[in-house]
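Trainee: I have a new model open on my screen, and I would like to learn how to read its sheets and its buried residues. Could you walk me through it?

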Amino acid sequence: MASVLLVGNGGREHALAWKLAQSDKVAKIFVAPGNGGTDSVEKATNVNIGVSDFPALVKFAVENGIELVVPGPEVPLVEGIETHFRKVGIPVFGPSEKAAEMEGSKAFSKDFMKRHSIPTAAYENFTDINAALSYIDRVDHSVVIKASGLAAGKGVIIPTSKDEAKQAIQKIMNDKEFGAAGDEVVIEEFLEGEELSVLAFSDGYTIKAMPAAQDHKRIFDGDKGPNTGGMGCYAPIPLETPQLVKTVADTILKPTIDGMRRDGFPFVGMLFTGIMMTNSGPKVLEYNVRFGDPETQTVLPLLQGDLYEIMLACAQHRLDAIDFSFSKEFSTTVVVVAGGYPDKYAKGDVITIGQSSASDTRVFHAGTARKGSDIVTAGGRVIAVNATGTSLKDAVDRAYVGVGQVSFDNSFHRRDIAHRAFGERRKEALTYATSGVDIAAGNTLVERIKPAVRATRRPGADSEIGGFGGVFDLAASGYTDALLVSATDGVGTKLLVAHAADKHDTVGIDLVAMNVNDLVVQGAEPLFFLDYYASSKLDVDICADFVSGVAQGCLLAGCALVGGETAEMPDIYSGKDYDAAGTAVGAVDRAQILPRINDMRTGDVLLGLPSSGVHSNGFSLVRKIMARSGLLYSDAAPWETEGRGGRTIGQSLLEPTRIYVKELLPLCKEGLLKGMAHITGGGLVENVPRCLPKSLEAQIDLNTWSLPPVFRWLKKEGNVPFDDIAKTLNMGIGMVLVVDASLADTVQQRLPHAYRIGKLVEGTSGCTLQNQQAWE
């Protein structure tokens, strides 16, 4: 088995390493110097050698039995890396120094195209700034200004006026914005049309193209703002018809390879041709002599073949002996960049990448590095997330779901990758299904969840769904002089944790709990519940899991699930994102409504019922703490004891909100409680006062219960100030009861797990927390 030396440190190199590792003919891949993600690839190891340190690279290759060298970036190719390895007999998948001039000098490549009648824009080359400025005055068409040399993919300026064109020439040739790359400029006719990128394998004689891709160079949505190295890409593109493939091959690719061979510098490696589809046919914008970025991350997942075999065949001039094909799927890549890119940007920010179980989604590192146990930003383009799917929309949606797993300070990405392709689809006949709403899937969901919903039936409701509305018979529940009480709530950003852990049933319980707990604090018995579930595209499995959780919550609360709404809104949500809300309606006898504020006195006892965990509030803070920690939701929860079965962070945080209804309703009906407070967002300090008269305040001693480990870990890991965490999380108490001091022992006997956490005193501060050191 072979050892491969892969030279480079970008997202392209990570993708190449990932694909090479799939070859059963490759034993080891050495990436020089690599990045924070390349050494995580199976078979791959980073080697701390620069891309242009040819003596060190050659020495390493010889000593380690390297059988193929794959240079990724253009700089070492233009500087002649192929020559150095050819001298020691190691094949290189890449062009000679002379052939690499096709990218190294735009003036050289334009003259080549003119010489071999390859269609391209009209142009002139200039080394004298005054001649270039004079040319601008003479031409009557729009132009593109290009630095002739290497400028990291950024040396192209598209002015909108003659004044902007002259300013661009000044920046390139006089101000040296791109260094020596601007010693010569190419001024060419501005071509209008759709742009595409064609990457093709070549052995100098044979050329075999990959599916055409479309890059997004501008930094902002709608193709606005300055050029970048590439913000995203998709393939194949709607323009790529069989006729176009043949035209590009016959008029561009084959003449290019034949022309280079006849001119004495045959091309071996990956020829990347930028093409504009004009009204008069395809025309070449530029050549690159290596894999593109992010085109590589986009097209390699579609390749069905052994990349190592293909590369070696190219280096040995026998590409015609190798067969390979491409998947019929679609592929999309979205690039996540550092804030400020392509101008000044920070480095060294810690990157968190959530765990994804999706085999169709891949995260390729670009500008990253390892710093201790952390992965940190080390460049402008930081991460490229790729996804494949059976349709372009599917691939785009999945890629953006993957992007949602990537987190670092001031990260930025475009949100409209592949927008031009979707614009083309407007010409198709539109249906509700092609608009993103699948009625059949909705009907399938209804049939699938009916048994779970039916299980929640109770006196007053049969819990049959599918009609226009739910019906509840209040008299059948035994109420004659009742007040109806309602509550509406959601789950919040805990849903993002459910996505990260791919576990959606427990958040359905959360949705019910957040509502029915708000009913019981008013002494009301929950009677029925309705849910609302909204998504970009209905995933029947996810939604069914969610609704099964809702049904389970209803059973725990003793209420009937009588109906709900499932909405597909593709223009509001993306990927598998969804949101949920619910409404619970309950009843209480008029004489038993809580709180009984007029009965409250100083000395009344406060009892606290334990929470089951974080419940459903404060997850925006929790997720930020997790992102900073560098842990994944699939990692073992550092706060869990062995007795909990070694749960993951995701499993622990998704512990559903405790439902207190059945243990508290009997106490309410017996008149043992004066009031209750459900501890949600706002914590103890803001929720307890909601059930008190203005003349009394709660005095709570934090030493009266043991702070659960999850809260202690979150406070320490996030370095969260006391006052902030006290107003955000429940800190182990999910419900507070106000009880007459003479009845406190009786209530505690009925609720043996309750803590006596404080008392009511005169005052207007609402709630004071004593012994704050207990949370340290």
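Mentor: Happy to! Keep in mind that this is a predicted model. Let's begin with one pair of strands: β9 (residues 194-203) and β10 pair in the antiparallel sense, over three bridges.

Trainee: Which residue stands opposite serine 202?

Mentor: That is isoleucine 207, in β10.

Trainee: In what order do the strands of this sheet come?

Mentor: Read across the sheet, the order is β10-β9-β15-β16. These four strands form an open sheet, and the pairing is antiparallel.

Trainee: Which strands stand at the edges?

Mentor: Look for strands with a single partner. Here they are β10 (207-209) and β16 (281-288), so one side of each is left without a neighbour in the sheet. As for the twist, neighbouring strands are turned by 35° against each other on average, direction ignored.

Trainee: Which helix lies across β9 and β15?

Mentor: Helix α11 (residues 307-315) does, and it runs at about 70° to β9. The stretch of β15 to look for is 268-278.

Trainee: Let's try another sheet. How many strands does the open sheet with mixed pairing have?

Mentor: Six, in the order β32-β34-β31-β35-β33-β36. Its edge strands are β32 (675-678) and β36 (767-770), each of which pairs on one side only. In this sheet, the average turn between neighbouring strands is 25°, again with direction ignored.

Trainee: Which helix packs on that sheet?

Mentor: Helix α16 (residues 506-520), which touches β32 and β34. The direction of α16 makes about 160° with that of β32.

Trainee: And how many bridges join β31 to β34?

Mentor: Six bridges link β31 (residues 605-610) with β34 (residues 733-739), and the two strands run antiparallel. For a pair to find on screen, take proline 610, which stands opposite isoleucine 733 in β34.

Trainee: Now a single residue. Is alanine 500 buried or exposed?

Mentor: Compare the relative accessibility with the cut-off: buried means under 20%. Alanine 500 counts as buried because its value is 12%. You will find alanine 500 in helix α15 (residues 494-501).

Trainee: What is alanine 500 in contact with, leaving aside its neighbours within four places in sequence?

Mentor: Gln355, Gln405 and Tyr633. You can also check a distance between C-alpha atoms: those of alanine 500 and glycine 402 are separated by 9.8 Å, while the two residues are 98 residues apart along the chain.

Trainee: Thanks, I'll go and find these on my screen!

How values were computed. Residues numbered from 1 in each chain as written. Predicted model: local features only at pLDDT ≥ 70, side-chain atom pairs only at ≥ 80, totals over all residues. Heavy atoms only, no water. Buried < 20%, exposed > 50% of the residue type's maximum accessible area, 1.4 Å probe, protein only. Contact = heavy atoms within 4.5 Å. Pairing = 2+ DSSP bridges. Axes fitted to C-alpha atoms, helices over the stretch in contact; angles between N-to-C directions.
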